[in-house]
Amino acid sequence: MEEVLSIKNSDIAKHLSLPPVKLHCSMLAEDAIKAAVKDYQSKKAKRGHLKDKKGTPDDQTTSAL
């Protein structure tokens, strides 16, 4: 994850050989990567939180009976 967050727009532009008029695309790509990581971490944290509250699936099945 740290490696992904270290990607900068200048790295993207260089790798893709973007002309100067297209540098804004690399900035958008960097923003998109950071947003995707933030979303992933948020969803991962929610899943962990819900797991703790719900317990195991077996607990839910027996309590419903």
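# Close-up views of a four-helix chain

**View 1. Leu5 and the nonpolar patch at the surface.** Leu5 has a relative accessible area of 35%, and it therefore counts as partly exposed. In this predicted model, the residue belongs to helix 1, which covers residues 2-5. Together with Met1 and Tyr40, Leu5 makes a nonpolar patch on the surface, with an area of about 280 Å².

**View 2. The whole chain, as a setting for the other views.** The secondary structure consists of 4 helices and 0 strands, so that, read from the N terminus, the order of the elements is α-α-α-α. Of the 65 residues in the chain, 8% are buried. The area that the chain exposes comes to about 5700 Å², and 60% of this area is supplied by carbon and sulfur atoms.

**View 3. Ile12 in helix 2 and its contacts.** Ile12 has its place in helix 2, and with a relative accessible area of 13% this residue is buried, because the limit for a buried residue is under 20%. When neighbours within four places in sequence are left aside, Ile12 is in contact with Ile7, Ser26, Ala29, Glu30 and Ile33. One of these partners, Ala29, is 17 residues away from Ile12 in sequence, while the C-alpha atoms of the two residues are 7.8 Å apart in space.

**View 4. Ser26 in helix 3, seen from its own contacts.** Ser26 is a residue of helix 3, and its relative accessibility of 1% places it among the buried residues. If residues up to four places away in sequence are not counted, Ser26 touches Asn9, Ile12, Ala13 and Leu18. The contact between Ser26 and Ile12 thus appears again here, this time in the list that belongs to Ser26.

**View 5. The salt bridge between Glu30 and Lys34.** The chain has a count of 2 salt bridges, and one of them joins the side chains of Glu30 and Lys34, with a distance of 3.0 Å from N to O. Both residues lie in helix 3, which covers residues 23-54, and they are 4 residues apart, or about one turn of the helix. What is the relative accessibility of Glu30, and does that make the residue buried or exposed? Glu30 has a value of 11% and so counts as buried, whereas Lys34, at 36%, counts as partly exposed. Glu30 also appears among the contacts of Ile12.

**View 6. The salt bridge between Lys43 and Asp39.** A salt bridge also brings together the side chains of Lys43 and Asp39, here with an N to O distance of 3.3 Å. These two residues of helix 3 are separated by about one helical turn, because they are 4 residues apart. Lys43 has a relative accessible area of 48% and is therefore partly exposed, and Asp39, at 38% relative accessibility, likewise counts as partly exposed.

**View 7. Helix 2 and helix 4, compared by confidence.** The average pLDDT of the chain is 84, and 75% of the residues reach a score of at least 70. Among the elements of the chain, helix 2 (residues 9-16) has the highest mean pLDDT, at 97, while helix 4 (residues 57-64) has the lowest, at 50. Where pLDDT is low, the predicted coordinates should not be read in detail.

Definitions and conventions
Residues are numbered from 1 along each chain as its sequence is written. This is a predicted model: local features need pLDDT of at least 70, side-chain atom pairs count only at pLDDT 80 or more; totals for chains, interfaces and linings use all residues. Side-chain values use heavy atoms; hydrogens and water are left out. Patches are made of residues with over 30% relative accessible area and no salt bridge: like charges are joined within 9 Å, nonpolar side chains (Val, Leu, Ile, Met, Phe, Trp, Tyr) within 5 Å. Accessible areas come from the Shrake-Rupley method with a 1.4 Å probe; for residues, only the protein chains shown count as cover. A salt bridge is a side-chain nitrogen of Lys or Arg within 4 Å of a carboxyl oxygen of Asp or Glu. Buried means under 20% relative accessible area, exposed over 50%, partly exposed in between (1.4 Å probe, protein chains only). pLDDT is the predictor's confidence in each residue, from 0 to 100. Contact means heavy atoms within 4.5 Å.
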